[in-house]
Structure formats: structure tokens, C-alpha cells
Amino acid sequence: MQAGQIPEEALKASLGCGNPTTLAKLNPGETVLDLGSGGGIDVLLSARRVGPAGRAYGLDMTDDMLSLARENQRKAGVENVEFLKGEIEHIPLPDNSVDVIISNCVINLSGDKDQVLREAFRVLKPGGRFAVSDVVTRGEVPAEIRRNMELWVGCVAGALQESEYIDKLTTAGFAAIGIEPTRIYDVEDARAFLTDQGMDVDAIAPVIADKFMGAFIRATKPAGCCGPGCCS
């Protein structure tokens, strides 16, 4: 049903590990920010859910994706949307200006996840929600996986452990933190993303099976909290 609401080009440009728009509770009149919005699919879906009284922002660092997203917006005929150029480590929005932050397997691509979470906390309004899909790990991951930069593009090598993600969110100031697995990757999944990476697939795939999972990460900026450190 949701796919029928947006242009085919937006669907084709969509990459990720889940659909945060189906998992995040969005209310009419809210302001939503998608970190790493790509072709704009999640922004357009969010805009429809918050309605004409609400607003949806998409943030991306590449001109090509921003051009595609704006063209998809034009085709979809959605007006309560704005696509911004910038990095997720430096969000070009004011403090306390967003009700909900979503993201689809983008935070793992950042080399400074602490800064991303600090920025997310900054732009959220008191009581605002952090609701992203991402890849997280359970247990140790072989060093050769972490070193393989090709796998960063696939949201694999940069994945945080569950406990580490929770610690970073807590340090940034978030509360009510939860991680809900949406898909646990098995041996065959491991084989798929290790193929053509110059690794011994038969040896490594069983070692990392069931250690990577797609997950929905929820957290809240405490009500009455206006900035980092004010709630601690």
C-alpha cells in the first residue's frame, strides 16, 4: 500500500535494512527528519503521514541524490517536504526543531557516530523521538570484516554492538532506549555479503552468522530537556 504512494524512481533508489516509516509512530502535524534520505522514499511517506499541517525534511550530502529526491517529490505532488544538503554529523536545522528522527541504515556509515547522536539529540524537541532502522551486532566480529571498507557501504563493517549503541545513545542524553530485532542474518545471508570481497567465504560465513541483525532502534529526548547534558 505504501509503495503505491510514491514514484517508482524513489523505490528503485531506496537502499537500507528496514522501513522506519512503518515502525515509527508519526502523528498529524509533526515535523520529521530523515538522516541520509537518498531518493526520498521515507521522506515522502512520512510527509503523507504527518499531513499538510506537518513537515518532513530529508538530509543528504550528495547533489545527485538531492536532485533525484526533489524530482521524486515533484512527481509525487507532495508539498510539505524539504530536502537539505548536509552531513548527518552537522545537521543544518535549529535546536529543538524536530519531533521525530528516522533513518534507514545510514548511521552505520558515519565514522563519528557519537557526533551524529549528539546532533540528533540537539535538533529534537523535548519529548522528541529517535526511531531508526540500522544494523547492529551481537558478539565479536572478525577483524577482517571491520577492515574491509567495501562492507562499510553495505552497513555491515560499521555496525555497532547492541550494548555499544545503547551506551552511545545514553551518553548523548537519550532515555527510554530500546533495540528491537527485525531480521537476524544467517549463514546464507553472510555468504551473500561476503561474496567477491576477497575473503574465505566458507571459513568466515559460519563465524559471523547470526551476529548481524537488522534492528529498529528507539529512544526519546526527555521532556523538559533542551540540550545535551541538561538532563544528567
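Which residue in S4 is the bridge partner of Leu-33? In this predicted model, Leu-33 is paired with Ile-101 of S4. The pairing belongs to a set of four bridges that join S1 to S4, and these two strands run parallel. Strand S1 covers residues 31-35, whereas S4 covers residues 98-104.

The chain as a whole contains 10 helices and eight strands. Of its 232 residues, 52% are buried. The accessible surface amounts to about 10400 Å², and carbon and sulfur atoms contribute 52% of that area. Among contacts with a separation of 6 or more, 77% link residues 24 or more positions apart.

Strand S4 is also joined to S5, in this case by six bridges, and the two strands again run parallel. One of the pairings places Asn-104 opposite Ser-133, its bridge partner in S5. Together with the intervening helix H5, strands S4 and S5 form a β-α-β unit of right-handed sense. Because seven of the seven residues of S4 are buried, this strand is largely enclosed by the rest of the structure.

The largest nonpolar core comprises 31 residues. Both Leu-33 and Ile-101 are listed among the members with the most contacts inside this core, together with Phe-130, Tyr-165, Phe-174 and Ile-217. Two or more residues are supplied by each of strands S1, S2 (55-60), S4, S5 (124-137) and S8 (212-220), as well as by helices H5 (113-123) and H8 (162-172). Helix H5 provides the largest share, namely five residues. A further core, apart from this one, consists of 16 residues, including Val-135, Val-141, Met-199 and Phe-212. In soluble globular proteins, nonpolar side chains tend to be buried together.

The surroundings of Phe-174 were examined in more detail. Leaving aside residues up to four places away in sequence, Phe-174 touches Leu-117, Ala-120, Phe-121, Leu-124, Phe-130, Leu-169, Ala-219, Thr-220 and Lys-221.

A charged residue of H5 was considered next. Arg-122 is found in this helix, and its relative accessible area is 18%. As the limit for burial is under 20%, Arg-122 is therefore classed as buried. With residues up to four places away in sequence again excluded, the contacts of Arg-122 are with Ile-91, Leu-93, Pro-94, Asp-95, Asn-96 and Lys-221. Lys-221 is thus touched by Arg-122 and also by Phe-174.

Definitions and conventions: Residues are numbered from 1 along each chain as its sequence is written. This is a predicted model: local features need pLDDT of at least 70, side-chain atom pairs count only at pLDDT 80 or more; totals for chains, interfaces and linings use all residues. Side-chain values use heavy atoms; hydrogens and water are left out. A nonpolar core is a set of buried Ala, Val, Leu, Ile, Met, Phe, Trp, Tyr and Cys residues joined through side-chain atoms within 4.5 Å. Buried means under 20% relative accessible area, exposed over 50%, partly exposed in between (1.4 Å probe, protein chains only). Contact means heavy atoms within 4.5 Å. Accessible areas come from the Shrake-Rupley method with a 1.4 Å probe; for residues, only the protein chains shown count as cover. Two strands pair if DSSP finds at least two bridges between them. A crossover is right-handed if, with the strands pointing away from the viewer, the path from the first strand over the helix to the second runs clockwise.
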